[in-house]
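This report goes through selected helices, strands and side-chain contacts of one protein chain. The sequence and the structure come first.

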Amino acid sequence: MKTMKVAVTGAGGQVSYAMLARLASGEVFGPETKVILHLLEIPKKPDWTPPNPTARQPLDIAEGNAMELLDCGFPTLLDVVVTDDANKAFNGVNWALLVGAAPRGPGMERKDLLGLNGKIFVGQGKALAKNAASDVRILIVGNPCNTNCLVAYSNGREIAADRWHAMTRLDHNRAVSALAVKAGAKNEDVTNVTIWGNHSNTQYPDFTNAKIKGKPATEVITDRAWLEGTYVPQCQNRGAAIIKARGLSSAMSAANGAIDHVKTFVSGTPSGDWTSAAVVSTGEYGVPKGLVFGYPVTTDGKGNYTVVEGVKLDAFGQAAFQKTLNELLEEKDAVKDLLPG
Ligand code: NAX
């Protein structure tokens, strides 16, 4: 019998709440694999005053989530460990889903957030390198996820660079769905979508190489002005639109993106298709080595990926690609003090 140890950070947050039961249920690793969940949260603050009577500290919420997981009675769930110690959380884990990150506070610049979260990922990169299983795969969800991933893997170099991923799968799923809706097709009819670059509003959702029922998406949706002027910004700004609608950021769909990411890595991409993931560049498409960049990737179902080479971008795509690349270079520069030589 196989057992997977899976760490989830930010386990008291809303994305984790929508994700934990699915990780435990057998949906991701199959009915024959037992799962042990390690939930990490920040330490409790002794001087904490609840802002309202129902507010709880994140570690208490994680404990409550662990109680609910036990109450689900999943035959696949062996144990749940709740901790505020990263060394314990990452001990022996085969997958680590790094969801926890500090949100942007009032008056905080993107650069401040990069620095603040970067520090978290220095410690977590080191703790993973020290404690994780030799086959570990790591998915960074907490924002800014590409650059957090860059910081974590740069500080956890004992783990191979190709084990570290940042999540563009939610963006990928959004991009698939928006094409399907416009074409009056099913989601499953849409293939070969790529999210290039950063998980931010500079990302490039590449419709030019996408297919709908095997035909180029641009032959099915012939309104190029809509593709460039409505579709692309809609995908890029979907996160903000969800916040506007819900008053809270995406959680159900973000959790689903993370679940889909892991599933695709453990089950493989379908023949002829690919998925989107931000991975450590080895120079593909002229991206500087070491940058965590969103690419089209295929997976072998054993936890390994290959960046799809030879995908052509037209002038519109090349300009979009350059813009998101520039943003990632700027982000790298903002965290340069956190990257060991
Ligand atoms: P919440 O604020 O609900 O939860 C975050 C949790 O992380 C909190 O409970 C906090 O205590 C915990 N945390 C903070 N620092 C930690 C640390 N050092 N170790 C362990 N836990 C820590 O946020 P939620 O809505 O769950 O979002 C989580 C993260 O996902 C955010 O950074 C968010 O920006 C990011 N997102 C990324 C997406 C992606 O596609 N890559 C999409 C959705 C989501 O917005």
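Helices here are DSSP runs of H or I with at least four residues, numbered from the N terminus. The model is predicted, and the values below are computed from it.

**Helix α6 and its salt bridge to α10**

Under that definition, helix α6 covers residues 169–183. G184 follows α6 and has a positive phi, near 65°. The helix has 15 residues, and the distance from its first C-alpha to its last is 21 Å, close to the 21 Å expected at 1.5 Å a residue.

Is α6 enclosed by the rest of the structure or left open? Of the 15 residues of α6, 11 are buried, so the helix is largely enclosed by the rest of the structure. Buried means under 20% relative accessible area. The buried residues of α6 include the charged side chains R169, D171 and R174, and also L170, V176 and L179.

R169 also takes part in a salt bridge with D260, where the closest N and O atoms are 3.8 Å apart. This pair links distant parts of the chain, since D260 belongs to helix α10 (residues 252–267) and R169 to helix α6, 91 residues apart. Both partners, D260 and R169, are buried.

**Other salt bridges**

The structure holds nine salt bridges. Three of the pairs are listed here with their closest N to O distances.

| Pair | N to O distance | Location |
|---|---|---|
| K44 and D60 | 2.8 Å | loop between β2 and α2; helix α2 |
| D260 and R169 | 3.8 Å | helix α10; helix α6 |
| E228 and R224 | 2.7 Å | both in helix α8 |

K44 sits in the loop between β2 and α2 while D60 is in helix α2, so this salt bridge ties together parts that are 16 residues apart in sequence. K44 is partly exposed at a relative accessible area of 41%, and D60 is partly exposed at 31%.

What separates E228 and R224 along helix α8? They are four residues apart in this helix (residues 224–236), which means a separation of about one helical turn. E228 counts as partly exposed, with 29% relative accessibility. R224 is also partly exposed, at 29%.

Beyond these pairs, R22, E27 and K263 are linked in a network of salt bridges.

**Strands β2 and β3**

Strand β2 (residues 33–40) and strand β3 run parallel and are joined by six bridges. One residue pairing is between L39 and V82, the latter in β3. Between the two strands the chain passes through helix α2 (residues 58–72), and this β-α-β crossover is right-handed. Helix α2 is the element that holds D60, the partner of K44.

Strand β3 spans residues 77–83 and is mostly covered, with five of its seven residues buried. In a regular strand, side chains alternate between the two faces of the sheet.

According to UniProt, in an unreviewed entry, residues 4–157 carry the feature "domain: Lactate/malate dehydrogenase N-terminal". Over residues 4–157 the chain is 40% helix and 19% strand. The C-alpha atoms at the two ends of this range are 23 Å apart.

**Aromatic pairs**

How many aromatic pairs does a search of the whole structure find? The search finds 12. In one of them, Y204 and F316 meet edge-to-face, at 5.9 Å centre to centre and with 70° between the planes. This pair links distant parts of the chain: Y204 is in strand β9 (residues 204–206) and F316 in helix α11 (residues 315–334), 112 residues apart. Y204 is buried, at 0% relative accessibility, whereas F316 is partly exposed with a relative accessible area of 26%.

A further pair, W226 and Y231, is tilted, with 5.7 Å centre to centre and 35° between the planes. W226 counts as buried because its relative accessible area is 15%, and the cut-off for buried is under 20%. Y231 is buried at 0% relative accessibility.

Aromatic residues also group beyond pairs: W196, Y285, F293, Y295 and F321 form one aromatic cluster.

Technical notes. Residues numbered from 1 in each chain as written. Predicted model: local features only at pLDDT ≥ 70, side-chain atom pairs only at ≥ 80, totals over all residues. Heavy atoms only, no water. UniProt positions renumbered as here; feature names shortened; annotations may be inferred. Phe/Tyr/Trp six-rings, centres within 6.5 Å; stacked < 30°, edge-to-face > 60°. Buried < 20%, exposed > 50% of the residue type's maximum accessible area, 1.4 Å probe, protein only. Pairing = 2+ DSSP bridges. Right-handed = clockwise from strand over helix to strand, strands pointing away. Expected span 1.5 Å × (residues − 1). Salt bridge = Lys/Arg side-chain N within 4 Å of Asp/Glu carboxyl O.
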